[in-house]
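User: Could you pick one part of this model, look at it closely, and then link it to the rest? I'm a first-year student, so please explain the terms as you go.

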Amino acid sequence: MDYTQALDQAIQRLHDEGRYRTFIDIEREKGAFPKAVWNRPDGRKQDITVWCGNDYLGMGQHPVVLGAMHEALDAVGAGSGGTRNISGTTAYHKQLEAEIADLHGKEAALVFSSAYIANDATLSTLRLLFPGLIIYSDALNHASMIEGIRRGGGEKRIFRHNDLAHLRELLAADDPAAPKLIAFESIYSMDGDFGPIAGFCDLAEEFGALTYLDEVHAVGMYGPRGGGVAERDGLMGRIDIFNGTLGKAFGVFGGYIAASARMVDAVRSYAPGFIFTTSLPPAVAAGAAAAIAFLKTAEGQKLRDAQQLHARVLKMRLKALGMPIIDHGSHIVPVHVGHPVHCKALSDMLLDEFGVYVQPINFPTVPRGTERLRFTPSPVHDLGQIDGLVRAMDTLWSRCALNRAELSA
């Protein structure tokens, strides 16, 4: 086999379909986010505003987080030195897990190197803990959940997105005595829609199933202490296992699960994705713990309120221009384009001409024909930056001569 030719053909297919992904080299400046500098391919530097980051609340730049990280770094150095089982558990990791457990109202928590690994490792390991487990998964669950369910083997059922009636049919058709788990998300990041958490919990109670909730795009963002949509809706006690991230609203790095002490102990003891991975650097754990603690306070609520306001303003302004906004009431602002080439062209022109950085979202992240630009306004974006974005979108949408009616259909 000509391996080089095979690689070239694989990459060329992405170029031909207009969905080849390009890394944009940016420099974030401490204290200035969402402003950054783009290191252009031609060697020049250009000031830009980041509109597609997942640092939803700007906590990656917050003095409380940076101070905690500096303190830990000066105290214990850089790396953890090992896996959690072999010299890699420190006071910083224990404090972080205590903050997470408290955030979700659970007995315990377990930190992983990412929320992807937390989902993959936990869902695949549950098959070992509950032989014969049937997992019922929302059709639009994240790739990490899909991978964990697949790798664990065993029976799975895919129900139509947010379709409680379909889920009920699937649950009712299976052996009542079989162990069951319903896996779903609170906010689906590409459309920004909410999962019917209460309905899932009702069905889980009726059919004797465990509940597994991915709150990755909601932790820090919703609820009076940032516990997510389940906290906002008073449903935390009905969730058996939470999954969350430390790399979005909390502004640092890593992922976790929160559950009963017995559940966490079992996953800790059996999951290869946890056992054989070097633990987070202590400074990262310290920064994440500080971010979680801060966002539980009234000051954290001020950031959440400002973020929601800016999201509503941006949606209102873009809708007024006739843009095909997908609006389910969350903090995510997707603009439907519907073609990978057009989507990439809009992204490139926004960056090059207006200093607006937003990456195109193409297949396989979203289905073909639903390509979009996904804006993530934050409390540290100001109204002037929102105005600049709206004006840039209006100019380029007209110039590209995109058929708005067709795209909205």
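Analyst: Here's a walk through one sheet and the helices beside it, followed by a trip to the rest of the chain.

First, some ground rules: this is a predicted model, where local features need pLDDT of at least 70 and side-chain atom pairs count only at pLDDT 80 or more, while totals for chains, interfaces and linings use all residues. Numbering starts from 1 along each chain as its sequence is written, and side-chain values use heavy atoms, with hydrogens and water left out.

The part to look at is an open sheet of 3 strands, in the order S13-S16-S15, with antiparallel pairing. S13 (333-336) and S15 (360-361) are the edge strands and have a single partner each, so one side of each has no neighbour in the sheet. Strands here are DSSP runs of E with at least two residues, helices are H or I runs with at least four residues, and both are numbered from the N terminus. Two strands pair if DSSP finds at least two bridges between them. S15 and S16 (residues 372-375) have 2 bridges, in the antiparallel sense. If you want to find one of them, look for Pro360, whose bridge partner in S16 is Leu373.

Between S15 and S16 there's a loop, and Pro364 sits in it. A cis peptide bond joins Phe363 and Pro364, with omega about 10 degrees. That's worth a second look, because most peptide bonds are trans. You'll find another cis bond between Phe33 and Pro34, where omega is about 20 degrees. Pro34 is in the loop between S1 (26-28) and S2 (35-39).

Now for the helices that lie across our sheet. H12 (residues 298-320) lies across S13 and S16, at about 20 degrees to S13. H13 (residues 340-354) lies across S15 and S16, at about 45 degrees to S16. These angles run from 0 to 180 degrees between N-to-C directions, using lines fitted to C-alpha atoms (for helices, over the stretch in contact).

Let's stay with H13 for a moment. The expected span of a helix is 1.5 Å times one less than its number of residues. The 15 residues of H13 should therefore span 21 Å, and its end C-alpha atoms are indeed 21 Å apart. Buried residues of H13 include Cys343, Leu346, Ser347, Leu350 and Leu351. Buried means under 20% relative accessible area, exposed means over 50%, and partly exposed is in between, using a 1.4 Å probe and protein chains only. Why might a helix show buried residues at such intervals? An α-helix has 3.6 residues a turn, so residues three or four places apart point the same way. Right after H13 comes Gly355, with a positive phi near 70 degrees.

How does the rest of the chain look? A second open sheet has 7 strands in the order S4-S12-S11-S10-S7-S5-S6, and its pairing is mixed. Its edge strands are S4 (108-112) and S6, each pairing on one side only. From one strand to the next, the twist averages 20 degrees. Within this sheet, S11 (residues 241-245) and S12 (residues 255-259) pair in the antiparallel sense over 4 bridges. Phe242 has Ala258 as its bridge partner in S12. H4 packs on the sheet, touching strands including S4, S11 and S12, and its direction makes about 155 degrees with that of S11. H9 (residues 261-270) packs there too, touching S4, S10, S11 and S12, at about 30 degrees to S4.

One residue of H4 (residues 115-129) deserves a stop: Asp120. Asp120 counts as buried because its relative accessible area is 10%. The Asp120 side chain makes a polar contact of 2.9 Å with the side chain of Arg151. A polar contact is a pair of N or O atoms within 3.5 Å; within protein, one must be able to donate a hydrogen and the other to accept it, and residues adjacent in sequence count only if both atoms are side-chain atoms.

Last, the cores. A nonpolar core is a set of buried Ala, Val, Leu, Ile, Met, Phe, Trp, Tyr and Cys residues joined through side-chain atoms within 4.5 Å. The largest has 56 residues, and Leu96, Ile100, Ile182, Leu246 and Phe250 have the most contacts inside it. Helix H11 (residues 282-295) supplies the largest share of this core, 8 residues. Apart from that core lies another, of 32 residues, including Leu314, Val337, Val356 and Ala392.

Definitions and conventions: Contact = heavy atoms within 4.5 Å.
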